[in-house]
Amino acid sequence: MAVAIAASFVAPALATAAETMSIDQVSVNKPEVAVYFTPPDGAQPESAEARLGGETLTPVSLAPFADSGEGVWLIFAVDCSGSMTAQQMNAIRTAISKFADDMGVADRVTIIAFGKTLEIPVHLSGDADAIKAAAATLIANQNGTLFNDAIVKGLELGADYSAGTPTRRAMLVFSDAEDYNVGGYTRAEVEQRLESSDMAMFAYGFLNASRADLDAFGALARLSGGTIDVVTAANVGDAVAARAVATKAGWIARFTSKTNIVSGNRETLTLTVTDSEGSTLTAETTFTPSRWIPDNTPPTIATAEQSGSSTIRIGFSEPVLGADSAASYRLEDTAGNLLPISAVAYDDASLTVTLTFADIPLSGKITITCPGVTDASMEKNPLSASVSIDFSGATPTPPPVSTPPGEPPASPEPTPTAEPTDPTVFIILAIIVPLIAIAIVFGVIKSNGGLERGEDGKLHFGNTVQQRVQEVIVSTESADAVQYKFVTEKPPEIHLRILDAARNSKDILIPVAGSLFVGRAEGNDLVFDDRRMSRQHFVIEAAPSGFIITNLSETSKGTVVNGVPIGTPRLLNAGDRIEAGDITFFVL
């Protein structure tokens, strides 16, 4: 989480560090958003506004953190390599023990000890004695420093938002910054994780380290929105105490978003606070939202009414997707006839859509269903219920008057005798017309396409072309009268990031002409040399509302989406994580 701050004052040129506002942490669990911030000294916030990724959030509450009743969670990551001195280790143990003695009932502590190995002697503990006992085991006697692995482990632990874990949290890393690049994770991977984390890392680098190592240590901390303190054994305790106080200080501004949709991309949150003096303070931070509260409630049709001689207006219970497409609606009259729609106008602000009929329907009941409409959520719950309205439209044409009894019917006009038709015409029509009818029934004709292996030995995607019969004209006037035209359509494309077991990644844009089969068998559209993957593991199919994934694997794990094995077909959303064997796919 990278942070930028700005303040609006009468004389900004004279502003000091005490006159700025900082965003300390942003906790996003869409649609809920909590912003922890520290206002300038003496400022009393009265209102707060926020924008996230271009959306204006709805304010819920604004209060000092001390009044919230929440606790804080500090994750202490301590370098136990042989390059750390006995005085430094003793000072760190004392600082952790001091926090344990002073912490509140809701506070929690985790300790990560890293050197040649990585250990967690205490985790999410609120027991002061247990924390002090774990701190006492921190000894600098290891030959090696799993520095990168320790930071990643702290970020992974800090991503736990299950019940009982404090939302306010921070990671404090103590090291002399030597040998920091030894470990399984590379520096680039650590940087990526720090940028996407909503927990700040604060670095405590000891003065005996080199300038280059301390600069690199501080750069990592700043990526997450944290800072570095260059300390000695004599003052590290004061630095930790100040950080503990700062973590519990400040304010909380809570907001809600319209939906629980997370993009999986880096977004900017802008916080604007107005204090009691009328001063406006602004701070920004960038991070990658990744959590959301599942939405299992489908949308409903809240209102439906006739709005004009050839229009109806439908109101939805919540923000929806697919409402701007005529293909998303099915309108039937009393006889069950489908009523064509010529225009659709969706208003996102009022959650209403106006549908215009191609022809004014007859008066009577009209049944409305919306098979292509889902709610605007990560789950895309479909709107399945239907409603009926009374429509005042065209007057039905009266039936023809029957001939009164006793009156003979009028003699029909004589029909001109048709000229004999060449039998060859009928033979040609008998052959061609059924073939065109078959093309119409089956609808879609796919050309050969898919994966091809190039000269470089890599798999390349061929141009998959989808063709369908657009128009058929049949006439009996000549043997050449059966005509047809084709229209070529570009199939929809799905953007995937593929990550293998060795963490090698590749972004690809794949056309999905109907279906995309994935597995280790050669006949699939995407083939992986992965023994843990089934021969046909899953299939992705194109649908009007998006892409649908279906599990085809019979293994116990099957296909996993966002950590949950899928038992039935489900819609894919941007940001979804798909696991199959040792391969991970991200929907971009």
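Biologist: In this predicted model, which residue is the bridge partner of Ile312 in S21?

Modeller: Leu355 is the one. Ile312 belongs to strand S17, residues 311-316, and Leu355 to strand S21, residues 352-357.

Biologist: And how do you know that S17 and S21 really pair?

Modeller: Count the bridges. Two strands pair if DSSP finds at least two bridges between them, and S17 and S21 have five, running antiparallel. That clears the cut-off, so they count as a pair.

Biologist: Where do these two strands sit in their sheet?

Modeller: The order is S16-S17-S21-S20, four strands with antiparallel pairing. From one strand to the next, the twist averages 20°.

Biologist: What makes S16 and S20 edge strands?

Modeller: Strand S16 (301-308) and strand S20 (341-347) each have a single partner strand, so one side of each has no neighbour in the sheet. That fits with the sheet being open.

Biologist: There's another open sheet, S19-S22-S24. What puts S19 and S24 at the edges there?

Modeller: Partner counts again: strand S19 (330-332) and strand S24 (387-391) have a single partner strand each, so each is left with one side without a neighbour in the sheet. Neighbouring strands here are turned by 25° against each other on average, direction ignored.

Biologist: How do you know that S22 and S24 pair?

Modeller: Strand S22 (residues 364-369) and S24 share five bridges and run antiparallel. At least two are needed, so the pairing stands. As for a specific contact, Ile368 has Val387 as its bridge partner in S24.

Biologist: On to helices. What is the relative direction of H1 and H2, and why is it called that?

Modeller: Their axes cross at roughly 175°. Angles over 145 degrees count as roughly antiparallel, so that's the label H1 and H2 get. The axes of H1 (residues 86-102) and H2 (residues 128-135) also come within 9 Å.

Biologist: Which residues of H1 and H2 meet?

Modeller: From H1, Arg93, Ile96, Ser97, Ala100 and Asp101; from H2, Ala128, Ile131, Lys132 and Ala135. By class, that contact has five nonpolar, one polar and three charged residues.

Biologist: Last one: what makes up the lining of the largest pocket?

Modeller: There are 44 lining residues, with Arg193, Ser196, Ser290, Arg577 and Phe586 nearest the centre. A residue counts as lining if it has an atom within 4 Å of a pocket point. Helix H4 gives the most, five residues. The classes come out as 14 nonpolar, 15 polar and 15 charged, and the pocket holds about 1,900 Å³ of space.

Definitions and conventions
Residues numbered from 1 in each chain as written. Predicted model: local features only at pLDDT ≥ 70, side-chain atom pairs only at ≥ 80, totals over all residues. Heavy atoms only, no water. Axes fitted to C-alpha atoms, helices over the stretch in contact; angles between N-to-C directions. 1 Å grid on protein atoms, 1.4 Å probe; cavity = no way out; pocket = protein on both sides within 12 Å on 5 of 7 lines; lining within 4 Å. Points joined across faces, edges and corners; volume = space filled by probe spheres on them. Nonpolar A, V, L, I, M, F, W, Y, C, P; charged D, E, K, R; others polar. Parallel < 35°, antiparallel > 145°, perpendicular 65-115°, else oblique. Contact = heavy atoms within 4.5 Å.
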